[in-house]
Amino acid sequence: MDSSEKSNLHQVKHVVLVLSGKGGVGKSTITTELALALKHAGKKVGILDVDLCGPSIPRMLSVGKPEVHQCDAGWVPVYADPQQQLAIMSIGFLLEDSDEAVIWRGPKKTALIGQFVSDVAWGELDVLLVDTPPGTSDEHLAVLENLRKHRVDGAVLVTTPQAVSTGDVRREITFCKKTAVKILGIVENMSGFVCPHCSECSNIFSKGGGEELAKLTGSVFLGSVPLDPLLTASLEEGQDFLQAFPDSSTYTAISQIANTLLSSLDA
C-alpha cells in the first residue's frame with residue numbers, strides 16, 4: 001500500500017458499494033437518502049459517485065458543478081452542508097460538459113476510476129458510499145481492485161419489485177460471490193406508490209420481489225422504499241427529504257434501512 005492510498009482512505013471506517021443489476025431502479029436515490037439518513041444519525045458520510053454515464057448525485061444534493069480543488073493528498077471533496085458532515089466526489093465534477101455523452105473505451109474508464117478512487121482526500125469518515133454504474137462491468141472491477149487496497153465492508157443491492165429487476169439483481173449476487181464481496185443487504189425501491197393526497201400506498205408494480213430474492217439467496221432484506229412524489233420532488237430540487245418530511249412513511253422506511261445497515265457495519 002503506498003502512502004497516498006493510506007493517507008486518503010485510512011481514516012474511512014466503512015466502505016459500502018451500492019449496486020444494481022440494471023439502470024432505472026433508483027440506485028442513486030437510495031445512495032443519496034442513505035447518506036442523508038446516516039448524516040442525520042450523527043455520522044460523517046462520503047459519497048463517491050463513479051457512475052460515468054449518469055452522475056446524478058450532484059444534482060440530487062444540489063451542489064451543482066463546483067470547481068474541484070487539489071491539495072497535497074489529492075482532490076478535495078465537495079461538501080453538501082455547512083457542517084461538512086456530507087462529502088461528495090463525483091465524476092460529474094470532472095466532465096467538461098455535463099450534457100456530453102461519455103464515449104470511452106474500457107482502459108480509459110478503468111484508468112480514470114482507479115485514479116478517482118485513490119486520489120480523493122476524504123479525511124475522517126464513518127461511512128463512504130460508492131454509487132456504481134448499473135450492471136457488472138469492468139468499471140465495477142476497477143472500483144473493487146482499487147478499494148480493496150483499503151477495505152470494502154460489502155454491498156447494498158437495489159432492486160424494484162418486478163421479476164425482471166430481481167432477475168438482474170441475481171447476477172449482481174453472483175458477481176459479489178465471485179469477487180468475494182459481502183452482501184450487506186437488499187433494498188426494494190419503488191415498492192408501492194404513495195398517494196400525494198391521502199398518503200395511502202398502492203402497489204402499482206408487484207410487491208415483495210426484493211424480500212423474496214433475499215430469502216432465496218440467504219441475504220438480509222434491509223427494507224422497502226415506496227415511490228413517493230414528495231421524495232421525487234425533493235431529489236429534483238436538491239432538497240433534504242428527510243428533513244422536510246419527518247412524519248412520512250417513506251422517512252420511516254429510509255431511516256430503518258439506514259439503522260439496520262449501521263448495525264451490521266458496527267457488528
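Two helices, α2 (27-40) and α11 (249-266), each bring at least two residues to the lining of the largest cavity in this predicted model; helices here are DSSP runs of H or I with at least four residues, strands are E runs of at least two, and both are numbered from the N terminus. The top contributor is α2, with 3 residues. The full lining is made up of Ile30, Glu33, Leu34, Val187, Val225, Ile254 and Ile257. By class that gives 6 nonpolar residues, 1 charged and no polar ones, with Val, Leu and Ile among the types counted as nonpolar and Glu among the charged.

The cavity has a volume of about 30 Å³, and the structure holds just 1 cavity of 30 Å³ or more. A cavity is a set of points on a 1 Å grid over the protein atoms alone where a 1.4 Å probe fits but cannot get out, and lining residues have an atom within 4 Å of a point. The volume is the space filled by probe spheres set on the points, which are joined across faces, edges and corners.

Zooming out, the chain has 11 helices and 11 strands. Of its 267 residues, 53% count as buried (under 20% relative accessible area, 1.4 Å probe, protein chains only). As for contacts (heavy atoms within 4.5 Å), 78% of those between residues at least 6 apart in sequence join residues at least 24 apart.

Residues are numbered from 1 along each chain as its sequence is written. Local features need pLDDT of at least 70 and side-chain atom pairs 80 or more, while totals for chains, interfaces and linings use all residues, and side-chain values use heavy atoms, without hydrogens or water.

Terms used. Buried < 20%, exposed > 50% of the residue type's maximum accessible area, 1.4 Å probe, protein only. 1 Å grid on protein atoms, 1.4 Å probe; cavity = no way out; pocket = protein on both sides within 12 Å on 5 of 7 lines; lining within 4 Å.
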